[in-house]
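Thank you for asking me to look over this structure with you. My remarks are set out as numbered points, so that each can be checked in turn against the coordinates.

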Amino acid sequence: MSKLSRPRGQGAGVYKPEAIRDIAESLNISGLPDAVASALASDVEYRIHQVVEEAARFMRHARRTTMTTDDIDQAFRVLNIEPLYGHSPHNPPTFRRAIPYPPSSTAGTLYFVEDEEIDFDRVLREEKITLPKPVSWTAHWLAVEGVQPLIPENPPAITKDTDETSALKSVTGQPSTSNLATQSAAKGRQQNQQLVKQVLSRELQLYYARLTSSLLPPVPEDYAKRTAALASLRHDAGLQALLPYIVRWVAERVVNALRGGSQSEADGRELEVLLDVISALLDNSTLFVEPYLHQMLPPALSILLHSSLPPTHSTHLRTSAAQTMSHLLTQHSTTYPSLAPRIMKTLLLALVSTGKSRGTREGAVRGLVGVGKDAIRKGLIEGHGAKVVAQESQMPGYSSLAETVMDAFSTLFPRSKSPVPLNLADSSDAEVFRKLRESVGDFFAERMLYDSVWARGVLGEPSSDDIDMLI
């Protein structure tokens, strides 16, 4: 305890010298002079005032009006005094006044801590308390390939604004026009690119050069190298370091092939190879492709929804793109639950938006088939995508799109082996036909009129008799 001087002339007050003599006698110190007892009592009272003042500060800072034992302990720590043990503000001790025995007017007041009486019968009858599990440790991936996995153990991802100019504008309120800052940012990007190039070994760089040249050779008939390159991508291990470069190469080649108003036959063959590359990367079980899904989806969706593809390759390209997207969703939709709804929203906008071409709508329908039956129902029936196609079915060149929609309906619900047409004289069949016209349009409703089982199945209300007819 730090030594503090007490002002002179202050005598004993609340704390009496008799208490000092009692403490001295408990320590086997007898015959304590009155002057010493009075001086010690005065010093003890001063120390008590000092502790109470410090404790009151903690009480006021805690916005409380009642002083607790924690405040006293904090005051002891500030005054470099060892704290008291066994006292807690959550379980304050209860003091009781003891009756002096034998009764005497000279005896002082005595207080003691009352001990709680425990009834063992009551304790034994009470329900046993289940102890909580002890603290345990478990391991999980905080980041894989620089990307934080979406698991409950990790905190939610925070979007970072990497644009230094916009960040500076948000802080200062003015756009940055400094040439020095632009030059330093460009120099930093150049240094980062050089560092990335140095990560790959010479063997991987040589492999990358030969792989890309084998996939898209100058001679289109050179299928042997192309097949070997795709087999290497599908089965070889140790390609994780090359994965971002291959994905970027595919995206750039797709953009170059689709650039312009019309595509040639060579562009169609190139797009087929690029879709095969994406499928091969997804098939390789040794590659961790999840961090690059956001770079692999745009090329597939661009091929699927592009308005003008080569006529001889358009159907095959859109079907392959839909199958690739379906393969991607099958593997990674459980890890990223929002992936399928986002793709479905993109396809639905391409299907029902005004001004879209026939190729774009056909790609959207094939994409919905690749996503699954729920996507077909939500896009073509609930989203009225089939009704939009039905309104344009009379235009020249839209017959193939109508057949694609009919195939999608067959995927949603198979056609019956022995079709029975709807009887419009019957009220129930007439109601089914009315719902068909409202959901898919007059064009498709009339084409499904000959098969009552199929019509009800597409609407999602097959009867038991209709189901028996399918067997």
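The points below deal with a surface patch, with salt bridges and with aromatic rings.

1. Please keep in mind throughout that this is a predicted model. Every value quoted in this note is therefore computed from that predicted model.

2. On the surface, I23, L27 and I29 make up a nonpolar patch, and the three residues together offer about 280 Å² of accessible area. Of these, I23 belongs to helix α1, which covers residues 17–26. With a relative accessibility of 41%, I23 is classed as partly exposed, because that class lies between the limits of 20% and 50%.

3. How many salt bridges does the rule give? The count comes to 15. One of them joins D34 to R21, with the closest N and O atoms 2.2 Å apart. This pair ties together distant parts of the chain, since D34 sits in helix α2 (residues 34–61) and R21 in helix α1, with their positions 13 residues apart in numbering. The two partners can also be described by their accessibility: D34 counts as exposed at 54%, whereas R21 counts as partly exposed at 24%.

4. A salt bridge is also found between R47 and D43, where the closest N and O atoms are 3.6 Å apart. Here both residues lie in helix α2 and are four residues apart, which corresponds to about one turn of the helix. R47 is buried, its relative accessible area being 13%, while D43, at 25%, is partly exposed.

5. Turning to higher residue numbers, R456 forms a salt bridge with D429, and the closest N and O atoms of this pair are 2.6 Å apart. The pair links distant parts of the chain, namely helix α19 (residues 452–459), which holds R456, and helix α18 (residues 427–447), which holds D429, the two residues being 27 residues apart. Are these partners buried or exposed? R456 is buried, with a relative accessible area of 12%, and D429 is buried as well, with a relative accessible area of 9%.

6. Salt bridges can also be followed beyond a single pair, as R358, E362 and R366 are linked by them in a network.

7. For the aromatic side chains, the count comes to three pairs. In one of them, the rings of F409 and F444 have centres 5.9 Å apart and planes at 85°, so the pair is edge-to-face. This pair again links distant parts of the chain, with F409 in helix α17 (residues 399–412) and F444 in helix α18, 35 residues apart. Both rings belong to buried residues, as F409 has a relative accessible area of 0% and F444 likewise has a relative accessible area of 0%.

8. F444 also pairs with F443: the centres of their rings are 5.1 Å apart and the planes stand at 80°, so this pair is edge-to-face too. Why is F443 classed as partly exposed? The relative accessible area of F443 is 23%, and buried would require a value under 20%. Taken together, ring pairs join F409, F443 and F444 into a cluster.

Key. Residues are numbered from 1 along each chain as its sequence is written. This is a predicted model: local features need pLDDT of at least 70, side-chain atom pairs count only at pLDDT 80 or more; totals for chains, interfaces and linings use all residues. Side-chain values use heavy atoms; hydrogens and water are left out. Patches are made of residues with over 30% relative accessible area and no salt bridge: like charges are joined within 9 Å, nonpolar side chains (Val, Leu, Ile, Met, Phe, Trp, Tyr) within 5 Å. Accessible areas come from the Shrake-Rupley method with a 1.4 Å probe; for residues, only the protein chains shown count as cover. A salt bridge is a side-chain nitrogen of Lys or Arg within 4 Å of a carboxyl oxygen of Asp or Glu. Buried means under 20% relative accessible area, exposed over 50%, partly exposed in between (1.4 Å probe, protein chains only). Rings of Phe, Tyr and Trp (its six-membered ring) pair if their centres lie within 6.5 Å; planes under 30 degrees apart count as stacked, over 60 as edge-to-face and the rest as tilted.
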